[in-house]
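Open the model in a viewer and keep the sequence panel in view. The stops below go from one selection to the next.

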Amino acid sequence: MKPRSITLTVNGAKRTAAAEPRVTLLDFLRGPLGVTGAHMGCEHGVCGACSVLVEGEPVRACLMFAVQAAGKAVTTVEGLAGSDGEPSPLQEAFRDAHGLQCGYCTPGMLIAAQALLDENPDPDEADIREAIGGNICRCTGYVQIIEAIKLAAENLREAAQ
Amino acid sequence: MKPAPFDYFAAASADDAVRLLAEHGDEALILAGGQSLVPMMNMRLARPSVLIDINDCDEMKFMAADGDGFAIGAGTRQKDILKSAETCTAVPLLLKALAFVGHVQTRNRGTLGGSIAHGDPSAEMPLVAVTLDAAISLRTSNGERTIAASEFYSGPMSTERAPDECLMAVSFPLSTGAGTGFHEVSERHGDFAIVSAAAEINLDAGGKCASAAIGIGGAHPHPVKALKAEAILVGEAPSDALIEAAAEAATDGIEAMDDVHATGAYRMRVARVLAARAISDALAEAGL
Amino acid sequence: MISQAPNTRYVARKRRTQEDKRFVTGRGVFVQDIERPGMLHVAALPCPYPRARINNIDFSAALAMPGVHAVLDGAELAAATNPLYGGLKTPGVKWRPLAFELSRYAGEWVAAVAADSRAIAEDAMELIEVDYTPTDPVIDPEEAYQAGSPQVHPEHGSNVLYDGEFTWGPVDDDFAAADHSLSFRARWHRSSTVPIETFGAVAEWDEGKGILDVWASIQMPNYADQIAGAMGIPLNAVRVHQDVDVGGSYGVKRGIKHTVLIGYLSRKLERPIRLIEDRLDNMGGGDAHGPDRIFDTQVAYNADGMIKSLKIRALDDAGAYPGRGPFQLGKPIAAIVGPYTINSVHYEAISVTTNKTGQVPVRGFGQAPTNYMLERAVDKVAAALGMDRIEIRRRNFIQPDQFPYEQPSGTKYDSGNYPAVMDKVLALANFDALCARRDEIRSEGRLAGIGVATCLEPGGGNNMFEYLMNPAAEITTFMEGAEARIDGEGCITGVMATTTSGQGHETLVATILGEELGREPDDIRVIHADTLTAMPTRSPVASRMAIMLGGAITGAAAKLKAQIMAIAAHNLETPLDQLEYSGGDVSVRNDPSRKLTWNEICYIAHKQYHRLPEGAAPGLQAQHVWQVPLGGQLPDADGKVQLYPCFSFQAHIPLVEIDPGTGKVTLLEYFIAHDCGTVINPDIVRGMILGGIAHGIGAALYEKFEYAPDGQFLSATFADYLMPSTFEVPLVKDTEHCTPSPLTSHGQKGSGEGGYLGGPAAVASAVNDALSPRGLEIDQLPMRMSLIEELLNGTP
């Protein structure tokens, strides 16, 4: 099928490129748009490495076609940093707690965690597990990820006071 | 793992969707949340040449009381159902089942109608629909019909929906005063069930079962309403023996499948275990 | 908690890693992020049959499709390249990137398409018509071992790739003298590490320079050598860019066949070629499965619980193509008696080929299955004697004063304090309370169990298992090289020689360089040389990088420091023994006012030849290649030899509950104490251990590559191959002990594998403890809930 022009907002900037309807949002971001933060892990919606926010909600970018995201606001891991380009409190907490190893699932974890903290500034362990339950990490055994998200929540609450 | 080529139409309305379906017939599929369809397309196990996207059809996203029932639009997302206090009160079994459905990311896209229409034998939403015998409305460009959920499924991912029909809404009977129970087992939380059981029971003033709806998922090629188990319960005063008898009867007529996760024999045994748990929960909640 | 904090500034101190910043900001550069101008994309066509003769491949329609640049079949590739490396002496076994004449497993690649996009390549793939004649496969490894079974490689003449026997010590005497013996079978089913990033590679042939550039998600020794060997080009015509971030590996990222395939296509088309496995490729056709092993074990023991001798027969299913996989039967010889004073061992190791995906090295290189078997043996002896599972381990432990301890196969364990580590895990678990909790669950009619398992983690590598299994491989080096430079402005750069897949090597190098030179590690840059500029390496396998790269960079730092001191001595006109080095500055001990600063010394080194000591080269740079400690010897006359230098130790205690109605296992608690000597970066080591445990939980309960009896592969997706999510892995609680290794630069040992070596054994121990009140036992992994439920409730 013919490529069609698709315009969406990625990390705050309007971006346009052409793609066939069969191109997933993940491949569209990573290919024509060159936004490579979201990662391809399984392409069947299980691993969560491709998680991005669409209109503020985490979704699997491998299970959505780019054409469906036309006109929508998409946030990838690159968009989590502050306007000064410095890592966000969540990203800093992942560094402090070493909530990662190889870095491959990390963008999806951060997206899932960001969505959680946006809704719930004081998540308990069960909330965190639920929020990242759809993201498989093969390196960490999740402990330091959970610690990182707890730390981020604490730091954000302190900063808000 | 890239989908075969297809043409794409975003339906602006339900009418638009059924018109497109009429136009493209057998080759078209409705794209709702896409959480089951798109993986199959990525693997080229599904290869529609036309996709009709109903995600922008706001009229298909609703939850509202509807006479004796509570109707949910096919395009309603699972996350919105979870957040709807009204739905949780009207159809509490749905809420319990949704706790087992996928993950945050899939519930943000996944829809009720998509899950019902896809008809995975292990999926939770079809089991709830069959258990409660919800009314499923289907529309073509020529009109609309309603089919009972217990009549809707014919096999794994196989339903009575005609190729030109679009699933519009599912109407669940109101669960006034009922107790509910939902149990399933999967290796990992959030996966499709290996086997599952649902129950909704009303007790009468004398403490006897006034009505009972029992269903089993994951065992048979499609979700099954356990009529024999229901009959055993209705009119009787609950007891451990009664629960056991009903659970034992819950697999009546089921021909359980073997697969990579479990044998059919496992599914039969565990279906009875989970049925007993679901019935016990429902009875406890109903005020026993 | 660090029990014996060394006197260090940076080593063993909690510090952020160097790598994490780029990963949390989405700036990692993985192979899928590599774009080359004019790059084409490859998809490979899997064979649908477990075993089939390929009569003809017609790809004319695929080639005619717009956007398709080439279609390659096995015949063309076999004519143009050499078979891929196989480590064993297995004449007639030829492993090729694309099946040639005979396809040997369902999923094996038979043709490949290079096209403008992966989607087009997949479209074209569907147009390839292959005429197959399916033939009977052999799937069951025991059947494969029998003469007369269908032959996977007919030219080899049998399905046996290796069948070797070893006897260490007086096994028959020990069995005869022992009070009791028992025997059992333990089954470790096929699983793997399954990184979230699949394997991928980009190859670009430069005809002008005669160089093949490769970017790959790789973790293996001799990758460039194997590419060059298969392509028939000189080794210095292959340049692997080792600064590509690797999205997890744990042993399996060895896409040699993928790389030869695209290397050939790149040379043929003179275009950059990219092959990124999709998940179906990865699971079914990527040749990345792990050990698949049957143990038949006999144990001789006395009434006091002392285990005297073992007879082990290990039959391993290597799948269709043995690369380095079968050597996973050899490495466990390094710790064949575990942490116990077992006096003698008979070991028969058998590797067979079957019509399944090929086997590659997996975390621990065969040690996880062997440790699982060994710990089952200890639990069984305890049960037979009615003895406590902790007490029996204590009695059999090698004691702290026995190190270095030579175990029967000739390997000396360097150091350890096993009773102390056991004490720590029991304290951490509050063991009595944990037992009370288990008993309370049991008293409510439910099933609960506590697991007890220990493991040794051999670290450092050493190739001697290869020699033991194939004496033609007289290879006694297992070195690691590194380079360090200080520029004229005083900035330090460490150069490592290999790739990283999450282990934090940049942090390791910066921390040790910083420690040795007294400079801030965060200011030290660490880079990955490509294979044409790198020092010799054996890659990040064998739990060896803290030991080996640590040793190499320590050596380079020492050389740099010597150069600095020589410059200072010359300019301060003071003998070396009267100088003090502090934080990079050098002063005269008795007159601190006479000093040279770091910046002055670096300036002199780079800019002022007239101020350099006679014979000194300008600049500050040093290379160091370190041979593995205790390595370098061939076996003695009795066949005894050192395998691996360093031995870490762990003790695991999980608590599980089993739902008797469904068989579902829930991990309620998990405690671990570990001793890997000096920890370089505490967060990294902790992450390795916790991650290894999660991986072990997967192998113990969920993960299995399932084949139907007819050879069809049933676990090609993440809906069928189940890796633990956050719902399945508890918050593991950890503590550590430090027994430094006497063999390494800072007392460090390996830590990347132990969680996975002990985890499966520990979970198995817990599940069996839970089943024990019903008199039931399960001796296979994974212990899926359907299996457990069948035991509990099935018809006997």
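A residue is called buried here when its relative accessible area is under 20%, and exposed when that area is over 50%. The model is a predicted one.

**Stop 1: helix H2 of chain A**

Select residues 89-96 of chain A, which form helix H2. By the cut-off just given, Leu90(A), Gln91(A), Glu92(A), Ala93(A), Phe94(A) and Arg95(A) are buried. Because six of the eight residues in H2(A) are buried, the helix is largely enclosed by the rest of the structure. What do the buried residues of H2(A) pack against? Add helix H3 (106-119) and H5 of chain A to the selection, and then helix H1 (20-24) of chain C: these are the partners. Now step just past the end of H2(A) to His98(A), where phi is positive at about 50 degrees.

**Stop 2: two more positive phi values in chain A**

Most residues other than glycine have a negative phi, and most peptide bonds are trans. Select Glu43(A), which is not a glycine and yet has a positive phi of about 60 degrees. Glu43(A) sits in the loop that runs between helix H1 (25-30) and strand E3 (51-54) of chain A. Is Glu43(A) buried or exposed? With a relative accessible area of 5%, Glu43(A) is buried.

Go on to Tyr142(A), another residue other than glycine, with a positive phi near 75 degrees. Tyr142(A) is in the loop between helix H4 (125-131) and helix H5 (143-160) of chain A. Its relative accessibility is 1%, so Tyr142(A) counts as buried.

**Stop 3: the contact between chains A and B**

Show chains A and B together. How many residues does each chain bring to the contact? Chain A gives 31 residues and chain B gives 33. The size of an interface is often given as the accessible area lost when the parts come together. For chains A and B the buried area is about 2,600 Å², with 53% of it on carbon and sulfur atoms. Select Arg22(A), Leu63(A) and Phe65(A): they supply 24% of the area that chain A buries against chain B, more than any other three residues.

**Stop 4: chain B as a whole**

Hide the other chains and keep chain B. Its secondary structure comprises 12 helices and 14 strands. The C-alpha trace of chain B spans about 55 × 45 × 30 Å along its principal axes. A compact globule with 288 residues would have a radius of gyration near 19 Å, and chain B, at 19 Å, agrees with that. Of the 288 residues in chain B, 62% count as buried. Among the contacts in chain B between residues at least 6 apart in sequence, 62% join residues at least 24 apart.

Switch to a surface view. The accessible surface of chain B is about 10,000 Å², and 52% of it belongs to carbon and sulfur atoms. Colour by charge: chain B has 22 positive and 38 negative side chains, with the centres of the two sets 6 Å apart.

**Stop 5: chain C as a whole**

Change to chain C, which has 20 helices and 30 strands. Its C-alpha trace spans about 90 × 75 × 55 Å along the principal axes. For 796 residues, a compact globule would have a radius of gyration near 28 Å; chain C has 27 Å, which agrees. In chain C, 68% of the 796 residues count as buried. Of the contacts in chain C between residues at least 6 apart in sequence, 80% join residues at least 24 apart. Chain C exposes about 25,100 Å², and 49% of this comes from carbon and sulfur atoms. The charged side chains of chain C number 69 positive and 98 negative, and the centres of the two sets lie 3 Å apart.

**Stop 6: Phe649 of chain C**

Select Phe649(C), found in strand E27 (residues 646-658) of chain C. Phe649(C) is buried, with a relative accessible area of 2%. Which residues does Phe649(C) touch, not counting those up to four places away in sequence? Among them are Pro339(C), Phe397(C), Tyr418(C), Cys455(C) and His674(C). For a distance check, pick the C-alpha atoms of Phe649(C) and Ile697(C): they are 18 Å apart in space, and the two residues are 48 apart in sequence.

**Stop 7: two cis peptide bonds in chain C**

Select Phe403(C) and Pro404(C), which are joined by a cis peptide bond with omega about -5 degrees. Pro404(C) lies in the loop between helix H11 (389-396) and strand E16 (405-406) of chain C. Then move to the bond from Leu781(C) to Pro782(C), which is also cis, with omega near -5 degrees. Pro782(C) lies in the loop between strand E30 (780-781) and helix H20 (785-793) of chain C.

Terms used
Residues numbered from 1 in each chain as written. Chains lettered and ligands numbered in written order. Predicted model: local features only at pLDDT ≥ 70, side-chain atom pairs only at ≥ 80, totals over all residues. Heavy atoms only, no water. Helix = DSSP H or I, 4+ residues; strand = E, 2+ residues; numbered from the N terminus. Rg over C-alpha atoms; globule rule 2.2 N^0.38 Å. Buried < 20%, exposed > 50% of the residue type's maximum accessible area, 1.4 Å probe, protein only. Contact = heavy atoms within 4.5 Å. Areas by Shrake-Rupley, 256 points an atom, 1.4 Å probe, with all protein chains shown as cover. Lys, Arg positive; Asp, Glu negative; His and termini not counted. Charge placed at Lys NZ, Arg CZ, Asp CG, Glu CD. Buried area = accessible area lost by both parts, 1.4 Å probe.
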